[in-house]
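Visitor: I would like to go through this model with someone who can explain its features one by one. Could we begin once the sequence and structure are in view?

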Amino acid sequence: MVRPVHTHARITVGYLATPSGADGVVLAVAIARVTGAAIDLVCVVRPVPYDGQPGLAQYQQRVEARAAEWLTEGAALIPDGFEYRTVVTVNESFAEGLASYAEQTRARMIVVGGTGDGLLRRHTLGTISTELVHSSPLPVALAPRGYADRTHVVLDTVTVAVPVKPGADNPLPFAEAFAERAKLDIRLLSLVSIECPFDDDTTLQARAAQVAIARKLLEDTRAAVNPALDVDVLVADGATLDEALSNLPWDDNDIAAIGSGHLGRPNRVFLGSTAARILRWTTAPVVVVPKNSLPPQELTPRIEVPPTNRPPA
């Protein structure tokens, strides 16, 4: 089933009939709610290999028809008033097929869930999400496990992991553009830790100096952000990076943006080691931004979506 779509901005959502598939749909709805973007709910099926037997085309049709049924079930999670369409596409790789479709339709973001066997409200990457966060040409939004239970989320803050190391990829341009268009507040985050087993005076002094440097960096960054935005700064401090991350406060209306690692190719997503640890600790959805990515210029401002009746199946 295809609903009429009138907005320019699009979100591509990878869907399987699993709990993580539902998590991705609900995250896409949360993003669409504040940006006015249209949702493309996409299921990728593999081509049936030719074996010389008759009936191959009919079997492929049955596979695609089953995928269409799954998409109908997934679309039931999209409230009335949101523009969407369901699409079945064929590719040997789910992640490759999803990225290809997103590029062809000029989507601004790919949204997926993780896996269903991780900790509730935490991120666990599966095969598809792992491939996407190491190769996607578009930002990849990841829903934590159980996000489908947060059906009435209204995103209000985007937390940006501002890199401390010179030359590190910075997701701030993406996050600032996203915040402007979605009318979100920005929280600038810097992580400080000294991986040392001892809590002596020297270590504490060194960490205090690092905290001061990080706070100065964030204040300088805040001064460069659009003054119309509500910007907060936060230095997460801990004896270890994991401790610093565990001390971070999150609520249901948060979304985070992290940059790609230095090993990634230009204009591709690549989940680095620090970003992976952030992903492991946060309960918020996370957008991994391609290396040297441009802002999402086509995401539209927050709009009120009038209620509409679903067309008959």
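What follows is a series of questions from a visitor, each answered by a guide.

Visitor: What kind of model is this, and how are its residues numbered?

Guide: This is a predicted model, in which local features need pLDDT of at least 70 and side-chain atom pairs count only at pLDDT 80 or more, while totals for chains, interfaces and linings use all residues. Side-chain values use heavy atoms, with hydrogens and water left out, and residues are numbered from 1 along each chain as its sequence is written.

Visitor: How many helices and strands are there in the chain?

Guide: Helices are DSSP runs of H or I with at least four residues, strands are runs of E with at least two, and both are numbered from the N terminus. On that basis the chain has 8 helices and 10 strands.

Visitor: What percentage of the residues of the chain count as buried?

Guide: A residue is buried under 20% relative accessible area, exposed over 50%, and partly exposed in between, with a 1.4 Å probe and protein chains only. The chain exposes about 14,700 Å², of which carbon and sulfur atoms supply 55%. Of its 313 residues, the share that counts as buried is 50%.

Visitor: Among contacts between residues at least 6 apart in sequence, what percentage join residues at least 24 apart?

Guide: A contact here means heavy atoms within 4.5 Å. Among contacts in the chain between residues at least 6 apart in sequence, those that join residues at least 24 apart make up 78%.

Visitor: Which residues form the aromatic pair?

Guide: Rings of Phe, Tyr and Trp (for Trp the six-membered ring) pair if their centres lie within 6.5 Å, and planes under 30 degrees apart count as stacked, over 60 as edge-to-face and the rest as tilted. The structure holds 1 aromatic pair, and this pair is stacked, at 6.1 Å centre to centre with 5 degrees between the planes. Its two residues both lie in helix 5 (residues 172–182), 4 residues apart, about one turn of the helix; one is buried at a relative accessible area of 3%, the other at 2%, and they are Phe-174 and Phe-178.

Visitor: Which residue lies over the face of Trp-250?

Guide: A charge sits over a ring if NZ of Lys or CZ of Arg is within 6 Å of the ring centre and within 35 degrees of the ring normal. Over the face of Trp-250, at 4.8 Å from the ring centre, lies Arg-187.

Visitor: Which residue meets Glu-69 in a salt bridge?

Guide: Side chains of opposite charge can pair when their charged atoms come close. A salt bridge is a side-chain nitrogen of Lys or Arg within 4 Å of a carboxyl oxygen of Asp or Glu, and the structure holds 8 of them. Glu-69, partly exposed at 43%, has its partner 3 residues apart in helix 2 (residues 56–75), about one helical turn; the N to O distance is 2.7 Å, and the partner is Arg-66.

Visitor: With which residue does Arg-222 form a salt bridge?

Guide: Arg-222 is partly exposed, with a relative accessible area of 28%, and its partner is partly exposed as well, at 31%. Both lie in helix 6 (residues 201–224), 3 residues apart, about one turn of the helix. The closest N and O atoms are 2.8 Å apart, and the partner is Glu-219.

Visitor: How many residues apart in sequence are the parts tied together by Arg-277 and Asp-242?

Guide: Arg-277 forms a salt bridge with Asp-242, the closest N and O atoms being 3.3 Å apart. Arg-277 lies in helix 8 (residues 273–281) and Asp-242 in helix 7 (residues 241–246), so the parts that the pair ties together are apart in sequence by 35 residues.

Visitor: Which residues are joined into one network by salt bridges that share partners?

Guide: Here the salt bridges share partners, which links their residues into one network. The residues joined in this way are Arg-10, Asp-40 and Arg-85.

Visitor: How far apart are the end C-alpha atoms of helix 1?

Guide: Helix 1 is mostly covered, with 15 of its 17 residues buried. The expected span of a helix is 1.5 Å times one less than its number of residues, so helix 1 (residues 19–35) should span 24 Å, and this agrees with the distance between its end C-alpha atoms, 25 Å.

Visitor: Which residue in the loop between helix 3 and strand 4 has a positive phi?

Guide: The loop runs between helix 3 (94–104) and strand 4 (109–113), and the residue is exposed, with a relative accessible area of 54%. Its phi is near 60 degrees, a positive value in a residue other than glycine, and the residue is Arg-106.

Notes. Accessible areas come from the Shrake-Rupley method with a 1.4 Å probe; for residues, only the protein chains shown count as cover.
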